[in-house]
Amino acid sequence: MTAYLLTVFVFICVNGVLAVTLNFILGYAGIFSLAHAVFFGIGAYVAANMALYVTTDLFVSSLAAVAVCMVFSVLLALPALRVRGEYFVAASLGLQIIAVTIFSEWHWATGGLGGLVGIPSPTIFGFKISGPLPMAILGLSCLVLVTGIIAILVRTSLGRNLMAIRDSESAALAFGKRIAAIKVLSVAISAGLAAIAGSLYAYYVRFVNVESFMLDTSILLMAMVIIGGTGSMIGPILGAFMITSLPALLSYVPNLPAQHIGSIQQIIYGLAMMLLMVFQPSGLIAFFKKREKSDVA
Amino acid sequence: MLLLQLTLNGVQTGMLYALIAAGFSLIFGMTKIFHAAHGATFVIASYAFYHLYELSGLHWTIATIGAGVAAVIFGAGLYLLLYRPIQRSEASFFTVFIAAFGAVVVVQNVVSIIYGRGFVVAQTTLSSASEILPGLYLSPLVWISVLVAVLFFAAISLFLNKTNMGISIRALADNPELVRTFGMNPNRLSLYVFIIGSILAVPAGIITTISVGVSPAVGHHVVMISLAATIVGGIGSLTGAAIAGVILGVAENVALYWVGSQWTEAVTFAILLLFIILRPSGIFGRAITN
């Protein structure tokens, strides 16, 4: 029971990191990427390969994952420089689909459809981290670290430049901002930090295969950011918490026909998304903001 | 001969893609709603036909009408109950997308509870292939899909270019406020667009059901193809979406000559990426690079 809750908690941390990093480009730069799961995947595969063949040191393997993701992020930045809006969505979708095909076909790096199995536990300065509780602490530290980095970045000139580009690209250009460089850098940061989630996931689950990095994951990450509320720090984490814990909560609902339990969970899930978007389109974060306002009044 | 066979298979797939993409492109071009649940309309039409024809044993005309009614009810219902309330609040493109995705998840799982997760096929004599030339196998479905696609496209372009309602719908794409000034109701016109767009998914759904079969999860693929064809063809251009649909269908099948079937989606989206980077306005679109 505790182990199960801790597992859910680790997944919330993994998804939280992904949602926060996605929100960095989505909420602050207006780059609507449907390819975030690709960087989650690349991070997980790099960390898994490092752990299996090079070193289980958490820092070394995570840094390698971050570096590789930053390099590959150019693939996403390239269309982002050319097009916006629905065109970019389509481009990122294309990248996601092609990446899934490569993940499942490039056997020596990804293990193909079977994936990579038997990933050893990570070590920090030679100490082995294993079991749900240490991993939960590690997950929370990752989430706090990444959220902290993003929160600081948003307050720097980079963050202000990003918001300027999001609100009016031509105005930012007129002010002499180097839009291309800023976009490439922000996409690289987002992808690089997403690799930390990949690394954490690979070490926790100890098995990675393409199933975890498909389009559905990208859409769910997008849903976490939108449902939580874009352009805030807490919103995406709230969204990640909700979307990750909902299936877990639903498994406590009594009297569901066992045979269809998975489908019924998904239906409740889908309905929740529809209702939330109809009645609270600016995300869960709006509940809190409203309350603040009414407190003042 | 294999290449010719693959090309003809591609034409059949391409015609269906063209019809699906035209519906999506029409809705997106005219109402600016990113109807990500268009694939769910396809799934509903397909399963309605399967149920009426294969399970209830009704005549194919009744089953076809039933599939059309189901698709229209779903498409129009989604517009009235989901998209319109969301549009009232200043919703972003992605609010609609997430809501539509929710609808896709619901439909996919309701259908799998009722009909199971696997593929279902409606048996007809039409899908049996015969040898036309040595080594070249064709089923009548190739010709039927070409015929159906041509008929539907002729009808839709007649409607959009010659009837008053069609002209108002095109005006809606350019300037909804002006349409209102002329005393027409943009909301009602949008509803008509959803009805027509949903109908366009029906023939493709039926032909897929009697040839390769459908599964509850096929909706995602349908939307991805529609989106790709819409962009490659140029947003707002029905002809573009249709031609792009055929190109994608043929490319996907002809690619099998060189690579394994697991690469077909990658081929489609590589074409899409090339277009977005080299010619983002698509085949027929206006220039849009920022």
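1. Helices here are DSSP runs of H or I with at least four residues, numbered from the N terminus. One helix end in chain B shows the term in use. After α9(B) comes B:G234, which has a positive phi, near 105 degrees. The model is predicted.

2. Confidence, chain A. The mean pLDDT of chain A is 83. A score of at least 70 is reached by 96% of its residues. The low point in chain A is helix α14 (residues 285–296), with a mean of 61. The high point is helix α2 (residues 36–54) of chain A, at 90. Any reading of α14 of chain A should be set beside that mean of 61.

3. Fold of chain B. Chain B has eleven helices and two strands. Their order along the sequence is α-α-α-α-β-β-α-α-α-α-α-α-α. The two strands therefore sit between the fourth and fifth helices, given numbering from the N terminus.

4. Size and packing of chain B. What radius of gyration does chain B have, and what would a compact globule of 290 residues have? Chain B has 19 Å, in agreement with the value near 19 Å for such a globule. The C-alpha trace spans about 60 × 45 × 35 Å along its principal axes. Of the 290 residues in chain B, 51% are buried. Take the contacts in chain B between residues at least 6 apart in sequence: 75% of them join residues at least 24 apart.

5. Two helices of chain B. Helix α8 (residues 186–210) of chain B has 25 residues. From first C-alpha to last, α8 of chain B reaches 37 Å, close to the expected 36 Å. Because 19 of its 25 residues are buried, α8(B) is largely enclosed by the rest of the structure. α9(B) has 16 residues and reaches 22 Å, close to the 22 Å expected at 1.5 Å a residue. Of those 16 residues, 14 are buried, so α9(B) is mostly covered.

6. Interface. On chain B, 39 residues contact 37 residues of chain A. Elements of chain B giving two or more residues to this side are α3 (60–88), α4 (93–115), α9 (218–233) and α11 (264–278). Which element gives the most? α4(B) does, with 14 residues. By class, the side of chain B that touches chain A has 29 nonpolar, nine polar and one charged residues.

7. Nonpolar core. The largest nonpolar core has 202 residues. Those with the most contacts inside it are A:A223, B:I20, B:A21, B:I98, B:A99, B:A103 and B:A228. Helix α1 (residues 2–29) of chain A gives the most to this core, with 16 residues. In soluble globular proteins, nonpolar side chains tend to be buried together.

8. B:A103. Leaving out residues up to four places away in sequence, B:A103 touches residues of chain A, A:G270 and A:M274. Within chain B, it touches B:A37, B:A40, B:L78 and B:L82 on the same count.

9. B:A21. This residue is in helix α1 (residues 2–31) of chain B. Why does B:A21 count as buried? It has 35 C-beta neighbours inside 10 Å, and the cut-off is 20 or more. Beyond four places in sequence, B:A21 touches B:I225, B:S226, B:A229, B:T230, B:A241, B:A242, B:A244 and B:G245. B:A21 and B:W143 are 122 residues apart in sequence and 20 Å apart in space, C-alpha to C-alpha.

10. A:N161. Helix α8 (residues 157–167) of chain A holds A:N161. Is A:N161 buried or exposed? A:N161 is buried, with 22 other C-beta atoms within 10 Å. Leaving aside neighbours within four places in sequence, A:N161 contacts A:A172, A:K177 and A:I182. A:N161 and A:A172 are eleven residues apart in sequence and 7.5 Å apart, C-alpha to C-alpha.

11. Positive phi outside glycine. Most residues other than glycine have a negative phi. A:R206 has a positive phi, near 65 degrees. A:R206 lies in the loop between α10 (179–205) and β4 (207–208) of chain A. With 16 other C-beta atoms within 10 Å, A:R206 is partly exposed. B:K32 also has a positive phi, of about 65 degrees, and is not a glycine. B:K32 is in the loop between α1 and α2 (38–55) of chain B. B:K32 is partly exposed, with 17 other C-beta atoms within 10 Å.

Terms used
Residues numbered from 1 in each chain as written. Chains lettered and ligands numbered in written order. Predicted model: local features only at pLDDT ≥ 70, side-chain atom pairs only at ≥ 80, totals over all residues. Rg over C-alpha atoms; globule rule 2.2 N^0.38 Å. Buried ≥ 20, exposed ≤ 12 C-beta atoms within 10 Å, placed from the backbone. Contact = placed C-beta atoms within 7 Å. Expected span 1.5 Å × (residues − 1). Nonpolar A, V, L, I, M, F, W, Y, C, P; charged D, E, K, R; others polar. Core = buried A, V, L, I, M, F, W, Y, C linked by C-beta atoms within 7 Å. pLDDT = per-residue confidence, 0-100.
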